[in-house]
Amino acid sequence: MQLIDINKKRYRRHLNYTIVACVISLTVGCLVISQLLIAVFPDESGSHFHWNLTGVVITSLLIGLILNKYRSHDFMTEVAYVWDLKQVLNRINRKMLKLKAAAQEGNVNALLAINYSYAGSRLLWQLDDNLIIMDQLAIDQAEIDSLAMTYNLTLKAEDYDEAVLKQF
């Protein structure tokens, strides 16, 4: 997955619309489905917890299916890209200890994966205005750059291939 520049205003606006639509849909859908189930299958004890839970589960599944269906729509371009990027970064982060150990030994693929992770994280944090830990990211990036110089490597985020994670 290549890192691309994203229009921050468009991303935030579309993400906010998506979140609001999901919250409203979840609220209305849960109420409607659970009330229908309660009307059709009343419980003499007065406890309708299982019908309310069923309404939440069914509505959540419907929202997930709708989001998945429309993820390729132009409105969802940035939002879907960020979701996918977060999944890729999560896969890298789960192997980060092994990657860092291999990077210390000069493993090119480990260095590329870590460099990609840092570049992707920087992109996400800038989109979300999460600038608090950018200083730590700069320190970590300097360490990776130093290792790359030690082993005479040039690290580019676009050279990263997710298939290399299988070896770690």
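**Helix packing and salt bridges in a predicted model**

Helix α1, residues 8-40, packs against helix α2, residues 49-69, at an angle of about 140 degrees, and their axes are 8 Å apart. That angle makes α1 oblique to α2, since oblique covers what is left once angles over 145 are set aside as roughly antiparallel and the other classes are removed. The crossing of these two helices, α1 and α2, is right-handed. I should state at the outset that this is a predicted model.

Let me turn to the residues that form this contact. From α1 come T18, C22, S25, L26, G29, C30, I33, S34, L37 and I38. From α2 come W51, N52, T54, G55, V56, I58, T59, S60, I63 and L67. Sorted by class, the contact of α1 with α2 contains eleven nonpolar residues, nine polar residues and no charged ones.

Two residues of α1 deserve a closer look. What is S34 in contact with, leaving aside its neighbours within four places in sequence? The partners of S34 are W51, N52 and G55. S34 belongs to helix α1 and is buried, because its relative accessible area is 3% and the limit for that class is under 20%. The second residue, L37, is likewise found in helix α1. With a relative accessible area of 17%, L37 is buried. Once its neighbours within four places in sequence are set aside, L37 is in contact with W51 and T54. As for the extent of the helix, L37 and K8 are separated by 29 residues in sequence and by 42 Å in space, C-alpha to C-alpha.

K8 brings me to the charged pairs. How many salt bridges does the structure hold? There are six salt bridges, and I shall describe three pairs.

The side chains of K8 and D129 form one of them, at 2.2 Å from N to O. K8 sits in helix α1, while D129 sits in the loop between α5 (108-127) and α6 (134-150), so this pair ties together parts of the chain that are 121 residues apart in sequence. K8 is partly exposed, its relative accessible area being 32%. D129 also counts as partly exposed, at 49% relative accessibility.

The next pair is R10 and E78, whose side chains meet in a salt bridge at 2.6 Å, N to O. This pair links distant parts of the chain, with R10 in helix α1 and E78 in helix α3 (residues 77-94), 68 residues apart. Is E78 buried or exposed? At 11% relative accessibility, E78 counts as buried.

In the third pair, D84 forms a salt bridge with R71, and the closest N and O atoms are 2.4 Å apart. Here too distant parts of the chain are linked: D84 lies in helix α3 and R71 in the loop between α2 and α3, 13 residues apart. Both residues are partly exposed, D84 with a relative accessible area of 25% and R71 with 28%. In addition, R10, D74 and E78 are joined into one network by salt bridges that share partners.

I now return to helix packing, with two pairs that involve α5. Helix α4 (residues 96-104) and α5 have axes that come within 8 Å and cross at roughly 125 degrees. This makes α4 oblique to α5, and α4 passes α5 in a left-handed crossing. The contact is made by M96, L99, K100, A102 and A103 of α4 together with A110, L111, A113, I114, S117 and Y118 of α5. By class, the residues of the contact of α4 with α5 divide into nine nonpolar, one polar and one charged.

The remaining pair is α3 and α5. Their axes come within 10 Å and cross at roughly 140 degrees; α3 and α5 are therefore oblique to each other. The crossing in which α3 passes α5 is left-handed. On the α3 side, the contact residues are Y81, V82, L85, K86, V88, L89, I92 and N93. These meet A113, Y116, S117, G120, S121, L123, L124 and L127 in α5. The residues of the contact of α3 with α5 comprise eleven nonpolar, four polar and one charged.

To close, which hand does each crossing have? The crossing of α1 and α2 is right-handed, that of α4 past α5 is left-handed, and that of α3 past α5 is left-handed.

Note on methods. Residues are numbered from 1 along each chain as its sequence is written. This is a predicted model: local features need pLDDT of at least 70, side-chain atom pairs count only at pLDDT 80 or more; totals for chains, interfaces and linings use all residues. Side-chain values use heavy atoms; hydrogens and water are left out. Axes are lines fitted to C-alpha atoms, for helices over the stretch in contact, and angles run from 0 to 180 degrees between N-to-C directions. Helices (H or I, at least four residues) and strands (E, at least two) are DSSP runs, numbered from the N terminus. Angles under 35 degrees count as roughly parallel, over 145 as roughly antiparallel, 65 to 115 as roughly perpendicular and the rest as oblique. A crossing is left-handed if the near helix is turned anticlockwise from the far one by less than a right angle, and right-handed if clockwise. Contact means heavy atoms within 4.5 Å. Ala, Val, Leu, Ile, Met, Phe, Trp, Tyr, Cys and Pro count as nonpolar, Asp, Glu, Lys and Arg as charged, and the others, Gly among them, as polar. A salt bridge is a side-chain nitrogen of Lys or Arg within 4 Å of a carboxyl oxygen of Asp or Glu. Buried means under 20% relative accessible area, exposed over 50%, partly exposed in between (1.4 Å probe, protein chains only).
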